[in-house]
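Please work through the exercises below with the sequence and the coordinates open beside you. Each task is followed by a solution that proceeds in steps.

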Amino acid sequence: MYRFFLAEPFAPLLRITGSDAHHISHVLRMKKGEALQIVSLDQVAAVMKITAFGEGWVEVALDHELTEAHEPTVRITLIQGLPKQDKMEWVIQKAVELGVTEILPAMMEHSVVRIDAAKAARKTERWQKIAEAAAKQSKRDIIPRIALPEPLPAILRACDADLKLLPYEAEGSRGLREALRASGDVRSAAFVIGPEGGISQAEYALAAELGFLPVSLGPRILRTETAALAALSAILYETGNLGG
């Protein structure tokens, strides 16, 4: 069943407008009486039935509320070093499907990609649309936030997660599973993934100074997009949010 996110509080009778209304009417060609799912601004999820169509809007009425939660019990932030080409779009799509809460694109020393302010705004708008589409497809209860790209030091200093992790290829003594099992019952976690060139020594030192725990993802060297999803999946699994 199709799911749509509304920018207004829940009510038994609602109107869907904008691009979603166009999609329902002209792409999906849905009819009166057909059912769809909505998630309101106050995060009420419900099955609604179409009652009327108008110019630029679709009216829906409550059939029943949905009580099953689709969000992880832990808030997870991915701090992703800007990768080359379209890898960021792929990471966003898959991370949202898995259950990430927000993604903070980071400008890092070894990032090949350089983005000015105007380009960053356009990129972020596109990334947010990709996140919204992935959230709809995977039946999320929220649309994860994709932030504007910022320099890594600013992101690290602002991070207030309970558990802060730094997957690092040179870390040989502490594995990710060990760190997760020793952390106890965390409510929020953040982790840093470097770009293709990895994390610089200065970035590593600053992250460690700010409480980010270096961890290993195993003996194999992973591509940046693989590392992001591997770490996210491990966090979800160890916290009981991936079939556990």
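The exercises that follow concern a predicted model, and they go from the overall fold to single residues.

**Exercise 1. Describe the overall make-up of the protein: how many helices and strands does it have, and what share of its residues counts as buried?**

Step one is to count the elements, which gives 7 helices and 12 strands. Step two is to take the extent of the C-alpha trace, which spans about 60 × 40 × 30 Å along its principal axes. Step three turns to burial, where 46% of the 244 residues count as buried. Finally, among contacts between residues at least 6 apart in sequence, 75% join residues at least 24 apart.

**Exercise 2. Determine which residues touch the most other members of the largest nonpolar core, and which element gives the most to this core.**

As background, nonpolar side chains in soluble globular proteins tend to be buried together. The largest nonpolar core holds 39 residues, and those touching the most other members are Ile76, Leu78, Ile92, Val100, Ile103, Leu165 and Phe191. The next step is to ask where the core residues come from: β6, α2, α3, β10, α5, β11 and α7 each supply at least two of them, and α7 gives the most, with 7 residues. Apart from this core lies another one of 18 residues, among them Leu104, Met108, Cys159 and Leu166. As a worked case from the largest core, Ile76 touches, beyond residues up to four places away in sequence, Val100, Thr101, Glu102, Ala189, Phe191, Leu232, Ile235 and Leu236.

**Exercise 3. Analyse α7: how does its span relate to the expected one, and against which elements do its buried residues pack?**

First, the 15 residues of α7 reach 21 Å from the first C-alpha to the last, close to the 21 Å expected at 1.5 Å a residue. Second, its buried residues are Thr224, Glu225, Ala227, Ala228, Leu229, Ala231, Leu232, Ile235 and Leu236. To read that list, recall that an α-helix has 3.6 residues a turn, so residues three or four places apart point the same way. Third, the buried residues of α7 pack against β6, α2, β10, α5 and β11. Just after the helix, Gly240 takes a positive phi of about 80°.

**Exercise 4. Establish whether Arg140 is buried or exposed, and find the backbone oxygen that its side chain reaches.**

Begin with the location of Arg140, which is the loop between α3 and β8. Its relative accessibility is 2%, and because the cut-off for burial is under 20%, Arg140 counts as buried. Its side chain reaches the backbone oxygen of Val100 at 2.9 Å. Beyond residues up to four places away in sequence, Arg140 also touches a set of residues including Arg3, Phe5, His70, Glu71 and Thr101. Following the contact with Thr101, one finds that Thr101 lies in the loop between α2 and β7 and is buried at 11% relative accessible area. The contacts of Thr101 include Val74, Ile76, Ile142 and Pro144.

**Exercise 5. Find what the charged end of Arg15 sits over, and place Arg15 in the fold.**

Arg15 is found in strand β2, residues 13–17, and counts as partly exposed at 40% relative accessibility. Setting aside neighbours within four places in sequence, Arg15 is in contact with Glu8, Trp57, Val58 and Glu59. The charged end of Arg15 sits over the ring of Trp57, 3.6 Å from its centre. The C-alpha atoms of Arg15 and Val60 are 6.2 Å apart in space, although the two residues are 45 apart in sequence.

**Exercise 6. Classify the aromatic pair found in the whole structure.**

A search of the whole structure finds 1 aromatic pair. The ring centres of Tyr168 and Tyr204 are 4.4 Å apart with planes at 35°, so the pair is tilted. Tyr168 lies in the loop between β10 and α5 and Tyr204 in helix α6, so the pair ties together parts 36 residues apart in sequence. Tyr168 is buried at 14% relative accessible area, whereas Tyr204, at 22%, counts as partly exposed.

**Exercise 7. Examine the phi angles of Gln85 and Lys139, and say where these residues lie.**

As a reference point, most residues other than glycine have a negative phi. Gln85, although not a glycine, has a positive phi of about 55°; it is found in the loop between β6 and α2 and counts as exposed at 72% relative accessibility. Lys139, also not a glycine, has a positive phi of about 60°; it lies in the loop between α3 and β8 and counts as partly exposed at 22%.

Notes. Residues are numbered from 1 along each chain as its sequence is written. This is a predicted model: local features need pLDDT of at least 70, side-chain atom pairs count only at pLDDT 80 or more; totals for chains, interfaces and linings use all residues. Side-chain values use heavy atoms; hydrogens and water are left out. Helices (H or I, at least four residues) and strands (E, at least two) are DSSP runs, numbered from the N terminus. Buried means under 20% relative accessible area, exposed over 50%, partly exposed in between (1.4 Å probe, protein chains only). Contact means heavy atoms within 4.5 Å. A nonpolar core is a set of buried Ala, Val, Leu, Ile, Met, Phe, Trp, Tyr and Cys residues joined through side-chain atoms within 4.5 Å. Rings of Phe, Tyr and Trp (its six-membered ring) pair if their centres lie within 6.5 Å; planes under 30 degrees apart count as stacked, over 60 as edge-to-face and the rest as tilted. A charge sits over a ring if NZ of Lys or CZ of Arg is within 6 Å of the ring centre and within 35 degrees of the ring normal. The expected span of a helix is 1.5 Å times one less than its number of residues. A polar contact is a pair of N or O atoms within 3.5 Å; within protein, one must be able to donate a hydrogen and the other to accept it, and residues adjacent in sequence count only if both atoms are side-chain atoms.
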